[in-house]
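This report describes how selected helices pack and which residues form the nonpolar interior. Please consult the sequence and structure shown below while reading.

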Amino acid sequence: MAQAAAVAKKPAPPRRRRGSATPRRLPYLLIAPAGLLMLGFIAYPVLSVFYYSLQNYNPTKPWRNGFAGFDNFVHAFTEDPQFWDTLVFSAKWVVVEVGLQLLFGLALALIVNQTFVGRSLGRALVFSPWAVSGVLTSAIWVLLYNSQTGITRYLADMGIGDYGTSWLSDTSTVFPAAVVADLWRGVPFFAILILADLQSVSKDLYEAAEVDGASRFRQFVHITLPHLKDAIILSTLLRAVWEFNNVDLLYTLTGGGPAGETTTLPLYIANTSVDAHNFGYASALTTVAFVILLFFSMVYLRLSKFGGGDK
């Protein structure tokens, strides 16, 4: 009987509270409004583009509006030579710009990573163009390329070239002129990312390499570059996507001219939608550009093995 009484007096285990799962869900509940807002701002425009790409939609010609199926895509690939011209130029623009920006950005990062008097000021000057907007950058270079008051005027005063020469109006000089203008803004991006990664390289590796008799070049090839691999892969991918979508600088500098020499695919899309009001066809071109960038990004990350190698 005593044993039974002891068992009867044993306290019951505490009941599990019904709201115990709330603390685990609380972080998700807190970020849900922001997540839904971001989803709305991202998903709705993307889905709208996909929808209008299958439509004939031109507000100035409402009698032609309606479902078009894949006619816009067929027209782009088979009947629109300007689509292929702008796509080829976009690829050329991306390869030249990203390659040169990476080369000069890497060189600048290596320079400002060294110890010298005025290094902080040098870094600020190197990085400052990245803080300038694309439209303001274009305005600066439009003034520099002005045939009356710009670089060509001073070169003509020194006997180099003719007065009234406009590099932005000449088909033989407009591409390198635009490349230089965008280099001024894009090089600091690579310099910033590469310099940040250079700060994490252990100096012990370089000291050990010097003890082994390795030259500066061999140290760069076998220590610096392997360590910078992921930073270079990521920065080139991001910059390639941005350069492909570059509209502000080329639109302000050249407007896609002269004679369509500097018209990229995004600029062609902007002209098709804003100037021609052909939003259905522009949406189809935007969808094609999206698929191209998505495929390129996946293949590039796969082939480069981003994040898969040890430093």
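## Helix 9 against helix 10

Axes are lines fitted to C-alpha atoms, for helices over the stretch in contact, and the angles between N-to-C directions run from 0 to 180 degrees. The model discussed here is predicted. In it, helix 9, which spans residues 203–211, packs against helix 10 at an angle of about 150°, and the two axes lie 11 Å apart. This crossing is right-handed.

On the side of helix 9, the contact is formed by Leu 205, Tyr 206, Ala 209 and Glu 210, while helix 10 contributes Gln 219, Ile 223 and Thr 224. Sorted by class, the residues of this contact comprise four nonpolar, two polar and one charged.

## Helix 4 against helix 10

Helix 10 also packs with helix 4, at an angle of about 145° and with an axis separation of 10 Å. Here too a right-handed crossing is found.

From helix 4, the participants are Leu 87, Ser 90, Trp 93, Val 94, Glu 97, Val 98, Gln 101, Leu 102, Leu 106 and Leu 110; they meet Phe 220, Thr 224, Leu 228, Ile 232, Thr 236, Arg 239, Ala 240, Glu 243 and Phe 244 of helix 10. Twelve of the residues in this contact are nonpolar, four are polar and three are charged.

## Nonpolar cores

The largest nonpolar core holds 30 residues, and the members that touch the most others are Phe 83, Ile 194, Leu 228, Phe 244, Leu 265, Tyr 268 and Leu 285. At least two residues of this core come from each of helix 3 (71–78), helix 4 (81–112), helix 8 (174–198), helix 10 (216–244), helix 12 (265–275) and helix 13 (279–304). A second core, separate from this one, has 16 residues, including Phe 89, Ala 178, Leu 253 and Leu 267.

Phe 244 belongs both to the largest core and to the contact between helix 4 and helix 10. Residues up to four places away in sequence aside, Phe 244 touches Leu 87, Ser 90, Val 94, Leu 265, Pro 266, Ala 289 and Leu 293.

## Ser 235 in helix 10

Is Ser 235, a residue of helix 10, buried or exposed? Ser 235 counts as buried because its relative accessibility is 0%, and the cut-off for buried is under 20%.

The side chain of Ser 235 reaches the backbone oxygen of Ile 232 at 3.1 Å. Beyond its neighbours within four places in sequence, Ser 235 is in contact with Phe 189, Phe 190 and Leu 193.

Notes: Residues numbered from 1 in each chain as written. Predicted model: local features only at pLDDT ≥ 70, side-chain atom pairs only at ≥ 80, totals over all residues. Heavy atoms only, no water. Core = buried A, V, L, I, M, F, W, Y, C linked by side-chain atoms within 4.5 Å. Buried < 20%, exposed > 50% of the residue type's maximum accessible area, 1.4 Å probe, protein only. Helix = DSSP H or I, 4+ residues; strand = E, 2+ residues; numbered from the N terminus. Contact = heavy atoms within 4.5 Å. Left-handed = near helix turned anticlockwise from the far one by under 90°. Nonpolar A, V, L, I, M, F, W, Y, C, P; charged D, E, K, R; others polar. Polar contact = N/O pair within 3.5 Å; in protein donor to acceptor, adjacent residues only side chain to side chain.
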